[in-house]
Amino acid sequence: MYALSVVPFPSLATTTRTKRAQPIRAMRAVVQRVASASVEVEGRTVSAIGPGLLVLVGIHDSDSDSDAEYICRKVLNMRLFPNEDTARGWDQSVMQRNYEVLLVSQFTLYGFLKGNKPDFHVAMPPQKAEPFYASLVDRFKKSYNADSIKDGIFGAMMKVSLVNDGPVTMHLDSQTPKGAR
């Protein structure tokens with residue numbers, strides 16, 4: 001739905017169309033192409049990858065298996081890497097390059113500010129999100145090479161380190177409005 005608004009300007013009236021913002025209700029992923037990335041918990045490295053993708057995953061309270069399937073398929077098939085044989089940029093996926101993926105659960109991707117205080121009420125509650133996230137990790141392992149999929153520790157205070165390659169960072173929601181995919 002569009003709303004029509006008239007914007008006054010000295011000696012000029014301009015008409016603009018504005019689209020009403022729709023709330024996002026989808027699994028969210030921030031995908032970063034990396035030369036390397038790692039996760040540390042309590043001073044110990046729990047996961048590390050070389051070239052590949054670091055994927056920060058936010059799980060919405062309404063997410064389902066179809067959201068997980070979409071994120072898995074899109075992340076593994078995103079053409080974010082150059083093809084060294086043809087010198088074409090943006091031509092190959094993490095699977096085509098036989099690179100690794102590091103998944104990190106991050107509920108703060110569904111945070112918003114109420115005044116100056118963060119609110120995370122639309123994120124899936126931890127007791128429901130933990131098995132859902134574990135199933136997402138399993139889905140990635142079954143869809144690719146299990147040894148190439150790494151993850152952090154759900155619910156832990158993690159230190160995530162990365163060397164961003166490019167930098168290349170993509171934002172992905174599982175239920176993008178029509179026409180935006």
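Let's start at the surface: the protein chain exposes about 10900 Å², and carbon and sulfur atoms supply 52% of that area. Keep in mind as you look around that this is a predicted model. Turning from the outside to the inside, buried residues account for 38% of the 181 residues in the chain.

Next, the overall layout. The secondary structure of the chain consists of three helices and twelve strands. Sequence-distant parts meet often here: among contacts between residues at least 6 apart in sequence, 68% join residues at least 24 apart.

Now step into the interior. The largest nonpolar core holds 31 residues, and those with the most contacts inside it are Val31, Leu53, Val55, Val75, Val101, Leu103 and Phe140. Both helices and strands feed this core: the elements that give it two or more residues are the strands β3 (28-41), β5 (52-58), β8 (100-105) and β12 (158-173), together with the helices α1 (65-77) and α3 (126-143). A second, separate core has twelve residues, including Val30, Val34, Leu54 and Met158.

Val101 is a handy place to pause. Leaving aside neighbours within four places in sequence, which residues is Val101 in contact with? They are Ile49, Leu53, Val55, Leu76, Val94, Phe140, Ser148, Ile149 and Lys150.

Two of the helices that contribute to the largest core, α1 and α3, also meet one another. Their axes come within 10 Å and cross at roughly 40°, so α1 and α3 are oblique to each other. The crossing in which α1 passes α3 is right-handed. On the α1 side, the residues involved are Asp65, Ala68, Glu69, Ile71, Cys72, Val75 and Leu76, and they meet Phe132, Leu136, Arg139, Phe140 and Ser143 in α3. You may recognise Val75 and Phe140 from the list of residues with the most contacts in the largest core.

Finally, a few spots in the backbone deserve a look. Most residues other than glycine have a negative phi, and most peptide bonds are trans. Against that background, the peptide bond from Gly166 to Pro167 is cis, with omega near -5°, and Pro167 is found in strand β12. Ala87 has a positive phi, near 65°, and lies in the loop between β6 (81-83) and β7 (88-92). Is Ala87 buried or exposed? Its relative accessibility is 70%, so Ala87 counts as exposed. Asn98 has a positive phi too, about 60°, and sits in the loop between α2 (94-97) and β8. With a relative accessible area of 54%, Asn98 is exposed.

Key: Residues numbered from 1 in each chain as written. Predicted model: local features only at pLDDT ≥ 70, side-chain atom pairs only at ≥ 80, totals over all residues. Heavy atoms only, no water. Helix = DSSP H or I, 4+ residues; strand = E, 2+ residues; numbered from the N terminus. Buried < 20%, exposed > 50% of the residue type's maximum accessible area, 1.4 Å probe, protein only. Contact = heavy atoms within 4.5 Å. Areas by Shrake-Rupley, 256 points an atom, 1.4 Å probe, with all protein chains shown as cover. Core = buried A, V, L, I, M, F, W, Y, C linked by side-chain atoms within 4.5 Å. Axes fitted to C-alpha atoms, helices over the stretch in contact; angles between N-to-C directions. Parallel < 35°, antiparallel > 145°, perpendicular 65-115°, else oblique. Left-handed = near helix turned anticlockwise from the far one by under 90°.
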